[in-house]
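The exercises below ask you to work from a residue outwards to the fold around it. Please keep the sequence and the structure open while you follow each solution.

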Amino acid sequence: PKIVFIQPDGSSQTVEAPVGQSLMEAATNNFVRGIVGECGGSCSCATCHLYIDEAWYAKLPPRDEMEEAMIEGAIDPGPTSRLGCQVLVKDELDGIVAHVPKAQF
Ligand code: FES
């Protein structure tokens with residue numbers, strides 16, 4: 001499936017990722033700017049924060065408590081914020097659009 005990452009300046013990058021990979025891994029494997037993934041995906045750094053496009057956000061499984069807490073501590077969280085390491089690529093999410101925040105820390 002494809003994932004579209006959009007930078008704060010409006011430029012976009014479409015990457016291909018296997019099912020089961022996280023959006024954070026898909027971003028770091030493809031050198032998408034602004035996604036750090038410092039903790040390696042254990043939901044404890046929030047440097048993989050993304051704003052999911054609204055239409056896509058609704059299709060995702062809900063945030064769990066730990067993710068919720070980490071997002072609260074992220075820079076400038078919004079209603080469609082997710083941690084990239086907690087969202088897994090699926091066929092149904094082909095074409096998902098995720099906006100990269102201006103800053104992660
Ligand atoms: Fe650290 Fe997602 S990579 S919280």
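**Exercise 1: contacts and core**

Leaving out residues up to four places away in sequence, Leu 23 touches Ile 3, Leu 50, Gly 84, Val 87, Val 89 and Ala 98, where contact means that C-beta atoms, placed from the backbone, lie within 7 Å. This is a predicted model, in which local features need pLDDT of at least 70, side-chain atom pairs count only at pLDDT 80 or more, and totals for chains, interfaces and linings use all residues. Residues are numbered from 1 along each chain as its sequence is written.

Task: Place Leu 23 in the largest nonpolar core.

Solution. Step one: this core has 23 residues, and Leu 23 is among those with the most contacts inside it, together with Ile 3, Ala 27 and Ala 98. Such a core is a set of buried Ala, Val, Leu, Ile, Met, Phe, Trp, Tyr and Cys residues joined through C-beta atoms within 7 Å, and buried means 20 or more other C-beta atoms within 10 Å of a residue's own. Step two: β1, α1 (23–29), β3 and β5 each give two or more residues to this core, and α1 supplies the largest share, 4 residues.

**Exercise 2: the sheet**

Task: Work out the strand order of the open sheet.

Solution. Step one: β1 (residues 2–6) pairs with β2 in the antiparallel sense over 5 bridges, with Lys 2 bridged to Glu 16; strands pair if DSSP finds at least two bridges between them. Step two: β3 (residues 49–52) runs antiparallel to β4 over 3 bridges and to β5 (residues 96–99) over 2 bridges. Step three: the order is β2-β1-β5-β3-β4, with mixed pairing, and the edge strands are β2 (12–16) and β4 (81–83).

How values were computed. A residue is buried if 20 or more other C-beta atoms lie within 10 Å of its own, exposed if 12 or fewer, and partly exposed in between; C-beta atoms are placed from the backbone. Two residues are in contact if their C-beta atoms, placed from the backbone, lie within 7 Å.
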